[in-house]
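Visitor: Good day. Could you please show me the structure, so that we can go through it together?

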Amino acid sequence: MTKTLLLLPGDGIGPEVSAVARRVAGRLISQGLALKVEEALFGGASIDATGLPLTPEVLAQAKGADAVLMGAVGGPQWAGQPYDKRPEAGLLALRAGMNVYANLRPARCFSALADASSLKRVFVDGLDLLFVRELTGGVYFGSPRGVETLPDGQRRGVNTHVYTTSEIQRVARVAFELARGRTGAVCSAEKGNVMEAGLMWREDVQALRDAEYPDIKLSHMLADNMAMQLVKNPKQFDVILTDNLFGDILSDEAGMLTGSLGMLPSAAIGDPGTPGLYEPIHGSAPDIAGRGVANPCAAVLSLAMALRYSLGAAELASRVEAAVEAALDKGARTPDLGGTMTTAAMGDAILAGL
Ligand code: NAD
Ligand code: IPM
Ligand code: MN
């Protein structure tokens, strides 16, 4: 049966890197993959056309697709909008609306790129981390939230970090299940030394492990220490479980371990049978947008994750990943990786490996 992939190119470099992912999907379709690619407006592009970053129609289209592949959203032109009308609010609404609560962010350092990292080769060559980031809760979604003006004229800004046991345990379950296919080691990050909800996170993760996953080697680490350990000795970790905010920050840090933020894909998944949301972890990169030099690897590797987790094509996913690796092995490099290739030329190099 033909599956549907909804492409949401978004803003800035989003459309540039999405175009390469679309070409890769097109090649697979021409080779027999039963896939239909649809496209819709999202983020700032949708604000400009409709006034909303995510229209109800596009959310319905996303929920009706088998997988959604997003480029990136945001940019200075929309930064002045009220908070709930900004491109980023559309992304949060899409994640919440699709109920994709577990965000898998693999950070693999391809051997060819070990010298592109800001760390020495010995620390990153062969690195293969998997972040499992909670994606639909925590301080991103908690209430109360907002900014009020106090009687004395100063302002008071509030965001609320909040989790329930079920929200914690459903994402921990995803981490434990994935760890079973890897080394079995999971390290969970929080700030239980200063946050009650952080200590509760630790306790609820440990309780699930003790009740149902005795084979998992679970450890806990304070998130600030983890930020340091990730640059001291990143290979000590395998699966890393985090809340929404710490996962955002620590996965960008891990981006540099792999050579560039432009290398990291992600998969946001929910309950079995529901569509996944796939996106590079990088943003719209306003500083390089429009120049045709963005690294498309994260977008192409996100397509590979969609093939694996939502489109029932794990073997094609491996072929796409191998094509990216082959291009890098042959020396293909965009400027963020120390090269001079354009986005399109990098796409050609990847397609050559398919
Ligand atoms: P960013 O990730 O867009 O860029 C950070 C730095 O990394 C920039 O120097 C950029 O040029 C570089 N970079 C990122 N992706 C790259 C790629 N594929 N190839 C080469 N270089 C790349 O982060 P930012 O500048 O802090 O944010 C810009 C905008 O993007 C903001 O509006 C932010 O909210 C948004 N954002 C969106 C997403 C998303 O859509 N998923 C993710 C992060 C940030
Ligand atoms: C990411 C981004 C988003 C996040 C923003 C754009 C809402 O930084 O996907 O990493 O913070 O989750
Ligand atoms: Mn981020």
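**Helices and ligands**

Guide: We may begin with a pair of helices: α3 passes α4 in a right-handed crossing. A crossing counts as right-handed if the near helix is turned clockwise from the far one by less than a right angle, and as left-handed if anticlockwise. Helices (H or I, at least four residues) and strands (E, at least two) are DSSP runs, numbered from the N terminus.

Visitor: What should I know about the model and its numbering?

Guide: This is a predicted model, in which local features need pLDDT of at least 70 and side-chain atom pairs count only at pLDDT 80 or more, while totals for chains, interfaces and linings use all residues. Residues are numbered from 1 along each chain as its sequence is written, chains are lettered from A and ligands numbered from 1 in the order in which they are written, and side-chain values use heavy atoms, without hydrogens and water.

Visitor: At what angle do α3 and α4 pack?

Guide: The angle between helix α3 (residues 56–64) and α4 is about 45°, and their axes are 10 Å apart. Axes are lines fitted to C-alpha atoms, for helices over the stretch in contact, with angles from 0 to 180 degrees between N-to-C directions. That makes α3 oblique to α4. Angles under 35 degrees count as roughly parallel, over 145 as roughly antiparallel, 65 to 115 as roughly perpendicular and the rest as oblique.

Visitor: Moving on, which residues come nearest to ligand 1?

Guide: Val-73, Glu-88, Gly-283, Ala-285 and Asp-287 come nearest, of 22 residues around ligand 1; a residue belongs to these if one of its heavy atoms lies within 4 Å of the ligand. Two elements, β3 (67–72) and α4 (87–98), each supply at least two residues of that shell.

Visitor: Which polar contacts does ligand 1 have?

Guide: Polar contacts are pairs of N or O atoms within 3.5 Å; within protein, one must be able to donate a hydrogen and the other to accept it, and residues adjacent in sequence count only if both atoms are side-chain atoms. Among them, an oxygen atom of ligand 1 lies 2.7 Å from a backbone N or O atom of Gly-283. The side chain of Asp-287 has an N or O atom 2.7 Å from an oxygen atom of ligand 1, and that of Glu-279 has one 3.0 Å from a nitrogen atom of ligand 1.

Visitor: And which residues surround ligand 2?

Guide: Those around ligand 2 include Glu-88 and Glu-279. Oxygen atoms of ligand 2 also have polar partners: a polar side-chain atom of Arg-105 at 2.9 Å, one of Asp-248 at 2.8 Å, and an N or O atom in the side chain of Tyr-140 at 2.6 Å.

Visitor: Where is there a cis peptide bond?

Guide: The bond from Ser-143 to Pro-144 is cis, with omega near 5°, and Pro-144 has its place in strand β6 (residues 142–149). Most peptide bonds are trans, and most residues other than glycine have a negative phi.

Visitor: Is phi of Asn-99 positive or negative?

Guide: Phi of Asn-99 is positive, near 55°. Asn-99 is found in the loop between α4 and β4 (102–108).
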